[in-house]
Amino acid sequence: MTTTRTSSPTAPSVHHDGSDLAARFAAGDESALAEAYRTWGVMVQGMCRRTLGDVHEAEDVTQTVFLAAWRGRAGFRPERGAFSAWLVGITRRKIADALEARSRRATLVATAGSLLAVGEGQTGADPQSVLDRVLISQSLAELSVQQRTVIELAFFEDLTQTQIAQVTGWPLGTVKSHARRGLRRLGDCLSHR
């Protein structure tokens, strides 16, 4: 008895190398996006899950990969390689972005934790004020040493500009210039964050 196999109606109709699908994808055929996801989504998600170690984050990055591929479809060049290899390249970049974002979050949490330890005497610290302190400390770190010194003495030590000039030995005009430039730069840094 011989059985014949027929493909299911939902199976993608792709050449073995995916060139037909890639051409339709690059041309902006939205059905090709769904087909590409069905064809290579498991591969992309597997790469993400192995590297990131988190199923939910892997799902998010997989979605980001296909969104980036769709938005950048004009950049696909079949002469440079297979469509699947192009997706793997995008996947690697998005995984790297996710790992970098994870590292930034860990740094922010560590900074917030250290600021909470400094303010231990405060009970029921407001999360918003903790976040504000983290953002301000990161922004202060971007100032020049002179600007940061003047601002810290003025705001944390509650010194006047004349007193800052006496403490630092700088002329009063220099202190005023550092304060003005430092506050302007601090404002710019905070508005970008």
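**Exercise 1. The start of helix 3**

Task: In this predicted model, identify which residue caps the N-terminal end of helix 3 and through which atoms.

Solution:
1. The capping residue is Asp54.
2. One of its side-chain oxygens lies 3.2 Å from the backbone nitrogen of His56.
3. The helix that begins here has 17 residues. From first C-alpha to last, helix 3 reaches 24 Å, close to the 24 Å expected at 1.5 Å a residue.

**Exercise 2. Glu57**

Task: Decide whether Glu57 is buried or exposed, and list its contacts beyond four places in sequence.

Solution:
1. Glu57 belongs to helix 3.
2. Its relative accessibility is 15%. The cut-off for buried is under 20%, so Glu57 counts as buried.
3. Beyond its neighbours within four places in sequence, Glu57 is in contact with Leu52, Ala98, Arg102 and Arg105.
4. Glu57 shares its burial with other residues of helix 3, namely Ala58, Val61, Thr62, Val65, Phe66, Ala69 and Trp70.

**Exercise 3. The largest nonpolar core**

Task: Find which residues touch the most other members of the largest nonpolar core, and which elements give two or more residues to this core.

Solution:
1. The core holds 24 residues, and Phe25 and Phe83 touch the most other members.
2. Two or more residues come from each of helix 1 (19-26), helix 2 (30-52), helix 3 (55-71) and helix 4 (83-118).
3. A further core, of six residues, lies apart from this one and includes Leu153, Ile164, Ala165 and Ala179.
4. Phe25, with neighbours within four places left aside, is in contact with Ala32, Leu33, Ala36, Ala69, Trp70, Arg73, Phe83 and Trp86.
5. As a general tendency, nonpolar side chains in soluble globular proteins are buried together.

**Exercise 4. Ala22**

Task: Determine whether Ala22 is buried or exposed, and which residues Ala22 touches beyond four places in sequence.

Solution:
1. Ala22 is found in helix 1.
2. With 5% relative accessibility, Ala22 counts as buried.
3. Outside the excluded sequence neighbours, Ala22 touches Phe76 and Phe83.
4. The C-alpha atoms of Ala22 and Ala82 are 8.5 Å apart, although 60 residues separate the two along the chain.

**Exercise 5. Helix 6 against helix 8**

Task: Classify the packing of helix 6 and helix 8 from the angle between them, and name the residues that meet.

Solution:
1. Helix 6 covers residues 145-155 and helix 8 covers residues 172-192.
2. They pack at an angle of about 90 degrees, with axes 8 Å apart.
3. Angles of 65 to 115 degrees count as roughly perpendicular, so helix 6 and helix 8 are roughly perpendicular to each other.
4. On the helix 6 side, the meeting residues are Gln146, Gln147, Val150, Ile151 and Phe155. On the helix 8 side, they are Val175, His178, Ala179, Arg181, Gly182, Leu183 and Arg185.

**Exercise 6. Ile136**

Task: State how Ile136 is classed by accessibility, and which residues Ile136 touches beyond four places in sequence.

Solution:
1. Ile136 sits in helix 5 (residues 127-141).
2. Its relative accessibility of 35% makes Ile136 partly exposed.
3. With residues up to four places away not counted, Ile136 touches Leu186 and Leu190.
4. Between the C-alpha atoms of Ile136 and Cys189 the separation is 8.8 Å, for residues 53 apart along the chain.

**Exercise 7. Asp158**

Task: Describe the backbone and setting of Asp158.

Solution:
1. Asp158 has a positive phi of about 60 degrees although it is not a glycine.
2. The loop between helix 6 and helix 7 (161-168) holds Asp158.
3. At 65% relative accessibility, Asp158 counts as exposed.

**Exercise 8. The whole chain**

Task: Work out how many helices and strands the chain has, and what share of its residues counts as buried.

Solution:
1. There are eight helices and zero strands.
2. From the N terminus on, the order reads α-α-α-α-α-α-α-α.
3. Of the 193 residues, 28% count as buried.
4. Taking contacts between residues at least 6 apart in sequence, 51% join residues at least 24 apart.

Notes
Residues are numbered from 1 along each chain as its sequence is written. This is a predicted model: local features need pLDDT of at least 70, side-chain atom pairs count only at pLDDT 80 or more; totals for chains, interfaces and linings use all residues. Side-chain values use heavy atoms; hydrogens and water are left out. A nonpolar core is a set of buried Ala, Val, Leu, Ile, Met, Phe, Trp, Tyr and Cys residues joined through side-chain atoms within 4.5 Å. Buried means under 20% relative accessible area, exposed over 50%, partly exposed in between (1.4 Å probe, protein chains only). Helices (H or I, at least four residues) and strands (E, at least two) are DSSP runs, numbered from the N terminus. Contact means heavy atoms within 4.5 Å. The expected span of a helix is 1.5 Å times one less than its number of residues. A polar contact is a pair of N or O atoms within 3.5 Å; within protein, one must be able to donate a hydrogen and the other to accept it, and residues adjacent in sequence count only if both atoms are side-chain atoms. Axes are lines fitted to C-alpha atoms, for helices over the stretch in contact, and angles run from 0 to 180 degrees between N-to-C directions. Angles under 35 degrees count as roughly parallel, over 145 as roughly antiparallel, 65 to 115 as roughly perpendicular and the rest as oblique.
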